[in-house]
Amino acid sequence: MDSELAGWSDPVARLREALKNNEFELYCQPILALQGAERYPIAEVLVRMREEERALLPPGEFLPVFEHYGMLPQLDRWVVFHAMQRLGRGFGIPRLSVNVSGQTLQDAEFLSYVEAALQKYGVAAASLLFEIAESDVLERIEPAVHFANAAKALGYGVLIDGFGRRAMSFTPLKVLRVDFVKVDGRVVRNLLASEVARTKMNAILRVAEALSIDVVAENVEDEKTLAALRALKVSHAQGFGIHVPQPIDSIGVKAG
């Protein structure tokens, strides 16, 4: 990747500077429970980067640069640390879901870092859910299994994201013993119009029920899709039709 992509003459130095100076903002998007009394039991943590001339950069503009230079584990640590700060202050949503990159799955010290942050802010491990992309699991199955086993042994939850994007294999759900599976948005968006999407969703629901895994439908954009998900007894839903991402502090106050 050319450094010109982000307009930085020295991308590594720029990313290190941003991490050191906390030039990021946490956002989050609540996840709606379709059953049970608690409306928003989980929120996914999202990150934006501040640039003086361009305000907040979306992840698509800076995450590829972090990935290219092997620096995603450093960013993941920053996100976890600051998410723990929010939980430690008292937060309106009891559980946060934090994305973990494929590079971080191979970071032997990451969970030790998380444990230290947890103790520093007095947060229970069950308050944190690690969200791993299905593509990263399939590309790094052994590190993913090791990470998931270690995380669950410490009391954290594990979620596979983007499930069903590829030709479906249920192996990741079985070997990682995940708590949640998040169905890819393309399946969810096509649920009302596509028999293939409905077949995929029904297959995921059957396997998830057999393995005692909760299902999250992502990219829910309208009430008709939400009604269809309720009818299918999907347990959770997330998307702009439910709650738009907002700065994490405002979400903590308003949701619930």
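## Helix 1 and its surroundings

Just after helix 1, asparagine 22 adopts a positive phi of about 55°. The model described here is a predicted one.

Helix 1 covers residues 11-20, and its buried residues are Pro11, Arg14, Leu15, Ala18 and Leu19. Viewed along the axis of helix 1, these buried residues fall within an arc of 135°, so they line one face of the helix. An α-helix has 3.6 residues a turn, so residues three or four places apart point the same way. Turned away from the buried side of helix 1 is a face that carries the exposed residues Arg16 and Lys20. The cover over the buried residues of helix 1 includes strand 1 (24-33) and strand 2, together with helix 2 (59-68) and helix 3 (72-89).

## Strand 4 and its partners

Strand 4 is formed by residues 95-100 and is mostly covered, with five of its six residues buried. Strand 2 (residues 42-51) pairs with strand 4 in the parallel sense, over three bridges. In this pairing, isoleucine 42 stands opposite arginine 95 of strand 4.

Strand 4 is also joined to strand 5 (residues 128-133); the two run parallel and are linked by five bridges. Here valine 98 has phenylalanine 130 of strand 5 opposite it. In a regular strand the side chains alternate between the two faces of the sheet.

## Salt bridges

Side chains of opposite charge can pair when their charged atoms come close. Across the whole structure, a search finds 13 salt bridges. One of them links aspartate 179 and lysine 152, whose closest N and O atoms are 3.1 Å apart. Aspartate 179 lies in the loop between helix 8 (171-176) and strand 7 (180-183), while lysine 152 belongs to helix 7 (residues 141-153), so the pair ties together parts that are 27 residues apart in sequence. Both partners are partly exposed: the relative accessible area is 23% for aspartate 179 and 21% for lysine 152.

In another salt bridge, the side chains of arginine 140 and aspartate 136 meet at 3.3 Å, N to O. Aspartate 136 has a relative accessible area of 15% and is therefore buried, the cut-off for that term being under 20%.

Arginine 186 and aspartate 184 also form a salt bridge, with their closest N and O atoms 3.3 Å apart. Arginine 186 is partly exposed, at a relative accessible area of 46%, whereas aspartate 184 is buried, at 4%. Elsewhere, Arg14, Glu17 and Glu23 are joined into one network by salt bridges that share partners. Of these residues, Arg14 is among the buried residues of helix 1.

## The largest pocket

Rolling a probe the size of a water molecule over the atoms shows where empty space is left. The largest pocket holds about 1000 Å³ of space. Its lining is made up of 38 residues, and the closest to the centre of the pocket are Glu44, Leu63, Asn99, Ala133 and Asp161.

Several elements contribute to this lining with at least two residues each. The strands among them are strand 2, strand 4, strand 5 and strand 6 (157-163). The helices among them are helix 2, helix 3, helix 4 (102-105) and helix 6 (134-139). Strand 4 thus appears both as a contributor to the pocket lining and as a parallel partner of strand 2 and strand 5. Helix 2, helix 3 and strand 2, which also supply lining residues, are included in the cover over the buried residues of helix 1.

Terms used. Residues are numbered from 1 along each chain as its sequence is written. This is a predicted model: local features need pLDDT of at least 70, side-chain atom pairs count only at pLDDT 80 or more; totals for chains, interfaces and linings use all residues. Side-chain values use heavy atoms; hydrogens and water are left out. Buried means under 20% relative accessible area, exposed over 50%, partly exposed in between (1.4 Å probe, protein chains only). Helices (H or I, at least four residues) and strands (E, at least two) are DSSP runs, numbered from the N terminus. Two strands pair if DSSP finds at least two bridges between them. A salt bridge is a side-chain nitrogen of Lys or Arg within 4 Å of a carboxyl oxygen of Asp or Glu. The arc is that of the directions from the helix axis to the C-beta atoms. Contact means heavy atoms within 4.5 Å. On a 1 Å grid over the protein atoms alone, a cavity is a set of points where a 1.4 Å probe fits but cannot get out, and a pocket is an open set with protein on both sides within 12 Å along at least five of seven lines; lining residues have an atom within 4 Å of a point. Grid points are joined across faces, edges and corners, and a volume is the space filled by probe spheres set on the points.
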